[in-house]
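This report describes a single chain, moving from individual side-chain contacts to the sheet that they border and then to the chain as a whole. The sequence and the structure come first.

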Amino acid sequence: MKIEPIRLAELARHVGGEVEGNPDTVITGVAPIEQAAGGDLTFIAQPRFLDQLERTPAAAVLLARNLAATSSRCALIRVDNPYFAFIRILQKVLPGPEVTHGIAATAQVHPRARVGREVSIGPYAVVEAGCEIGDGVQIGAHCYVGAKVRIGTNSVLFPHVCLGHEVVIGRNVIIQFGSVIGSDGFGYLRHEGRYHKIPHLGTVVIEDEVEIGANCTIDRGTFGQTHLRRGAKLDNLIHVAHNVEIGEHTVIAAQTGISGSTKIGREVTIAGQVGFVGHIEIGDRTTFGAQAGVTKSIPPGMVVSGYPARDHAQARREEAAIRRLPELLKRVRTLEKLLAATGRLPSAANGLRDD
């Protein structure tokens with residue numbers, strides 16, 4: 001991707017790196033190592049890609065300080081974490097579309113809403129009474145912001161985001177296209193043959209630096225709060241039910257569903273399509289493999305997978321044993337025939353089938 005030409009030394013200063021080679025090298029683009037062309041800056045994050053140092057046409061490469069490799073073809077910037085440094089440089093040289101501050105003519109902002117400075121509210125967005133919109137907030141086109149919602153400074157709502165009444169959004173939060181925060185939970189009471197809706201009188205609290213992907217749904221608490229703590233990251237298409245808590249810096253991949261009142265600790269890693277039953281507790285720094293079915297509380301630090309979710313190593317051993325079942329069944333049938341030929345086959349074994 002092309003960028004405005006910039007000297008390598010300036011980029012190195014931005015990330016606290018040290019240049020090996022010509023600091024006046026002019027960088028005109030950024031790209032991953034396998035796509036880099038002449039003039040580009042790229043990075044190598046893992047030693048197994050070091051052989052590409054002598055093949056890449058890139059003008060410069062970000063490389064870890066503790067790697068002994070050098071290059072006769074391009075300049076290097078030595079840093080502690082090449083991938084992180086590359087991200088910081090992308091943020092510097094490709095800051096994204098310029099935001100136009102102000103309220104679109106077709107947006108509806110209630111007179112009793114308080115709107116901060118340098119706020120952007122897009123076409124056909126609605127901001128209801130009693131809202132508090134912090135400085136630098138961006139509200140995309142067709143967003144709905146319910147009554148008494150509070151949004152912290154510099155948070156971004158992409159188009160078609162809906163926030164139910166009294167939802168609280170922290171600072172520097174990003175909510176991607178189409179997500180719905182603060183709808184009623186799935187709660188009904190069966191009485192005399194009918195389902196009666198349980199009122200959801202709580203709210204949703206999303207702390208600072210949380211990011212929520214596209215088309216996620218986060219229900220409000222029945223009473224109290226559904227709570228996403230600082231730095232949590234949610235992928236697209238995730239459902240979070242009423243009164244769930246998600247700990248700091250927990251990451252959740254797409255299509256995961258979390259049932260009501262489940263509490264997830266901090267720095268938990270959850271792969272795609274994991275399902276959690278309600279009213280359980282997940283310990284800090286646990287890791288869940290894809291499609292795990294979590295039916296009970298999990299202690300801190302465990303790695304689990306499978307259905308029902310269990311220790312990952314045990315699940316792999318069981319899956320390996322299941323794959324061997326057809327072979328084992330053939331062996332049993334062979335042994336049965338041998339025993340039958342000698343007249344020593346127990347009568348109960350005659351009931352075994354291999355189909």
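## Arginine 7 and its partners

Arginine 7 has a relative accessible area of 35%, so the residue counts as partly exposed. The model in which this value was computed is a predicted one, and the same caution applies to every value given below. The side chain of arginine 7 meets that of aspartate 24 in a salt bridge, with 2.5 Å from N to O. Because arginine 7 belongs to strand 1 while aspartate 24 lies in the loop between strand 2 and strand 3, this pair ties together parts that are 17 residues apart in sequence. Aspartate 24 is likewise partly exposed, because its relative accessibility is 43%.

Arginine 7 also has a place in the strand pairing, where it stands opposite valine 26 in strand 3. Strand 1 and strand 3 run antiparallel and are joined by three bridges.

## The six-stranded sheet

Strands 1 and 3 belong to an open sheet of six strands, whose order is 1-3-4-5-6-2 and whose pairing is mixed. Strand 1 (2-7) and strand 2 (18-20) stand at the edges with a single partner strand each, which means that one side of each is left without a neighbour in the sheet. Direction ignored, neighbouring strands of this sheet are turned against each other by 35 degrees on average.

In general, the strands of a sheet pair through backbone hydrogen bonds, and they do so either parallel or antiparallel. The parallel arrangement is seen here between strand 3 (residues 26-30) and strand 4 (residues 40-43), which two bridges join. Within this pairing, valine 30 has leucine 41 in strand 4 as its bridge partner.

## A salt bridge between strand 2 and strand 6

Glutamate 20 and arginine 78 form a salt bridge in which the closest N and O atoms are 2.9 Å apart. The pair links distant parts of the chain, since glutamate 20 is in strand 2 and arginine 78 in strand 6 (residues 75-79), with their positions 58 residues apart in sequence. The two partners fall into separate accessibility classes: glutamate 20 is partly exposed because its relative accessible area is 35%, whereas arginine 78, at 6% relative accessibility, is under the 20% limit and therefore counts as buried.

## The network around arginine 230

The structure holds 19 salt bridges, and one of them is formed by arginine 230 with aspartate 208, where the closest N and O atoms are 3.8 Å apart. Both residues lie in loops, arginine 230 between strand 26 (225-228) and strand 27 (233-234) and aspartate 208 between strand 23 (203-206) and strand 24 (211-212), so the pair ties together parts that are 22 residues apart in sequence. Arginine 230 counts as partly exposed because its relative accessibility is 33%, while aspartate 208 counts as buried because its value is 15%. The contact is part of a network, in which salt bridges that share partners join Arg171, Asp208, Glu209 and Arg230.

## A nonpolar surface patch

Phe186, Tyr188 and Tyr195 make a nonpolar surface patch of about 430 Å². Of these residues, tyrosine 195 is found in strand 22 (residues 194-197), and tyrosine 195 counts as exposed because its relative accessibility is 56%.

## The chain as a whole

The chain has four helices and 39 strands. Of its 355 residues, 41% count as buried. Along its principal axes, the C-alpha trace spans about 90 × 75 × 30 Å, and the radius of gyration is 28 Å, where a compact globule of 355 residues would have a value near 20 Å.

A pair of residues gives a further view of these dimensions: from C-alpha to C-alpha, lysine 337 and proline 23 are 79 Å apart in space, and they are 314 residues apart in sequence. Lysine 337 has its place in helix 4 (residues 325-341), and lysine 337 is exposed because its relative accessible area is 61%.

Notes. Residues numbered from 1 in each chain as written. Predicted model: local features only at pLDDT ≥ 70, side-chain atom pairs only at ≥ 80, totals over all residues. Heavy atoms only, no water. Pairing = 2+ DSSP bridges. Axes fitted to C-alpha atoms, helices over the stretch in contact; angles between N-to-C directions. Patch = residues over 30% accessible without salt bridge, like charges linked within 9 Å, V, L, I, M, F, W, Y side chains within 5 Å. Areas by Shrake-Rupley, 256 points an atom, 1.4 Å probe, with all protein chains shown as cover. Salt bridge = Lys/Arg side-chain N within 4 Å of Asp/Glu carboxyl O. Buried < 20%, exposed > 50% of the residue type's maximum accessible area, 1.4 Å probe, protein only. Rg over C-alpha atoms; globule rule 2.2 N^0.38 Å.
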